[in-house]
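User: Hi! I'd like to go through this structure with you before I set anything up. Could you pull it up?

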Amino acid sequence: MKIYKERDYEAVSKRAASLVANQIKAKPDIVLGLATGTTPIGMYKILVEKYNSGEISFKKVRTVNLDEYRGLSDTDKNSYHYYMNEILFSKVDIDLSNTFLPNGMAKDPEKECQAYERLLRSLGGIDLQILGLGENGHIGFNEPGTAFIEKTHLVDLAESTIHANARFFENIDEVPKQAYSMGITSILGAKQILLLVTGESKAEALAKVINGPVTEEVPGSVLQRHWDVTIICDQAAASKLGEV
Ligand code: GLP
């Protein structure tokens with residue numbers, strides 16, 4: 001694991017955007033695994049700036065997102081489809097037919113999960129997977145207790161995740177109780193992984209991810225088993241690294 005401790009959120013976003021931009025330059029048709037949430041927003045903003053200044057192009061880039069809420073359509077402002085369109089896709093020259101997320105409105109969840117795994121394979125696997133970290137150690141929507149062997153699957157969200165994500169919704173009852181998520185096996189299949197972690201509320205989870213035992217109770221801890229992981233965190237998130 002390569003760990004970069006940056007001063008603050010801005011510095012994390014900058015380093016992450018540079019790393020991603022360099023990978024796009026090295027492989028213009030890269031398959032990027034994308035994450036949503038608040039953490040990567042700064043990185044996406046800088047990537048859009050780099051596109052505007054002519055430093056990078058997304059013309060051939062292909063993207064697969066980690067997860068999507070079940071029951072939310074593309075146009076729902078809380079869906080991850082909407083987030084990706086708003087924050088990145090509509091602002092760069094990406095071909096929308098090269099962007100993929102699980103379909104939250106799929107009629108048959110099992111078929112949707114299998115189709116998503118087939119898609120990952122047909123793209124030739126993920127070159128660079130970007131991840132955020134849940135306060136309970138989740139990656140994607142792989143909640144504590146998820147078997148490492150899982151591929152894309154339908155998840156019952158943990159109560160703590162529903163509470164953590166309620167800030168985006170009008171009220172907590174509107175937060176979906178289920179989501180589609182790539183599994184740990186899907187994530188570990190990526191050639192390179194970039195984990196972004198900021199803020200004190202993630203400090204304990206990050207300490208467990210880096211220094212704790214590899215356990216399904218802390219899904220992010222499985223990253224210790226991957227051969228090419230880069231973690232970029234701020235000082236607040238790194239504040240408990242000495243304790244676990
Ligand atoms: C969410 C998402 C994850 C995200 C994590 C952290 O529930 N499913 O993909 O990485 O939780 O979110 P945030 O960056 O907003 O703290």
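**Working chat**

Analyst: Here we go, starting with one lysine: Lys27 is partly exposed, with 32% relative accessible area. Keep in mind that this is a predicted model.

User: Thanks! Which residue does Lys27 form a salt bridge with?

Analyst: Its partner is Asp127, and the closest N and O atoms are 3.0 Å apart. The pair ties together distant parts of the chain, 100 residues apart. Lys27 sits in the loop between helix 1 (9-26) and strand 2, while Asp127 sits in the loop between helix 4 (109-122) and strand 6 (128-131).

User: And Asp127, buried or exposed?

Analyst: Asp127 counts as buried, at 11% relative accessibility.

User: How many salt bridges turn up in the whole structure?

Analyst: A search finds eight. Among them is the one between Arg15 and Glu6, with the closest N and O atoms 2.4 Å apart. Arg15 is partly exposed at 34% relative accessible area, whereas Glu6 is buried at 13%.

User: Any others you'd point out?

Analyst: Sure. Arg7 and Asp8 meet through their side chains in a salt bridge of 3.6 Å, N to O. Arg7 is exposed, with a relative accessible area of 59%, and Asp8 is partly exposed at 28%. There is also a network of salt bridges that links Lys25, Lys50 and Glu55.

User: Switching to cysteines: how many disulfides are there?

Analyst: The search of the whole structure gives zero disulfides. As for individual cysteines, Cys113 is buried with 9% relative accessible area, and Cys233 is buried at 0%.

User: OK, now the ligand. Which residues are closest to the ligand?

Analyst: The closest are Thr38, Thr39, Asp67, Arg167 and Lys202, out of 13 residues that surround the ligand.

User: What polar distances should I look at there?

Analyst: Three to start with. Thr38 has a polar side-chain atom 2.5 Å from an oxygen atom of the ligand. For Asp67, a polar side-chain atom lies 2.9 Å from a ligand nitrogen atom. His138 places a polar side-chain atom 3.0 Å from an oxygen atom of the ligand.

User: What does His138 touch on the protein side?

Analyst: One of its contacts is Thr161. Thr161 lies in helix 5 and is buried, with a relative accessible area of 3%. Leaving aside neighbours within four places in sequence, Thr161 is in contact with Asn136, His138, Phe141 and Glu143.

User: Nice. Let's move to helix 3. Which residues of helix 3 are buried?

Analyst: Helix 3 covers residues 80-87, and its buried residues are Tyr80, His81, Tyr83, Met84 and Ile87. Looking down the helix axis, these buried residues fall within an arc of 165 degrees, so they line one face of helix 3.

User: Remind me why spacing along a helix gives you a face?

Analyst: An α-helix has 3.6 residues a turn, so residues three or four places apart point the same way.

User: And what covers the buried residues of helix 3?

Analyst: The cover includes strand 2 (31-34), helix 2 (41-52), strand 3 (62-65), strand 4 (67-69) and helix 5 (159-165).

User: Does anything in a loop reach that helix too? I was looking at Ala35. Where is Ala35 found?

Analyst: Ala35 is in the loop between strand 2 and helix 2, and it is buried at 3% relative accessibility. Not counting residues up to four places away in sequence, Ala35 touches Pro40, Tyr44, Asn65, Leu66, Tyr83, Met84, Ile130, Leu131 and Gly132. Two of those, Tyr83 and Met84, are among the buried residues of helix 3.

User: How many Å separate the C-alpha atoms of Ala35 and Asn22?

Analyst: They are separated by 18 Å, and the two residues are 13 apart along the chain.

User: Last one: Phe58. Is Phe58 buried or exposed?

Analyst: Phe58 is buried, with 1% relative accessible area, and it lies in the loop between helix 2 and strand 3.

User: Which residues does Phe58 touch?

Analyst: Setting aside residues up to four places away in sequence, Phe58 touches Ile24, Leu47, Tyr51, Leu88, Val92, Asp93, Ile94 and Asp95. As for Thr198, 140 residues from Phe58 along the chain, the C-alpha atoms of the two are separated by 26 Å.

Definitions and conventions
Residues numbered from 1 in each chain as written. Predicted model: local features only at pLDDT ≥ 70, side-chain atom pairs only at ≥ 80, totals over all residues. Heavy atoms only, no water. Buried < 20%, exposed > 50% of the residue type's maximum accessible area, 1.4 Å probe, protein only. Helix = DSSP H or I, 4+ residues; strand = E, 2+ residues; numbered from the N terminus. Arc of directions from axis to C-beta. Contact = heavy atoms within 4.5 Å. Salt bridge = Lys/Arg side-chain N within 4 Å of Asp/Glu carboxyl O. Disulfide = S-S within 2.5 Å. Near = heavy atom within 4 Å. Polar contact = N/O pair within 3.5 Å; in protein donor to acceptor, adjacent residues only side chain to side chain.
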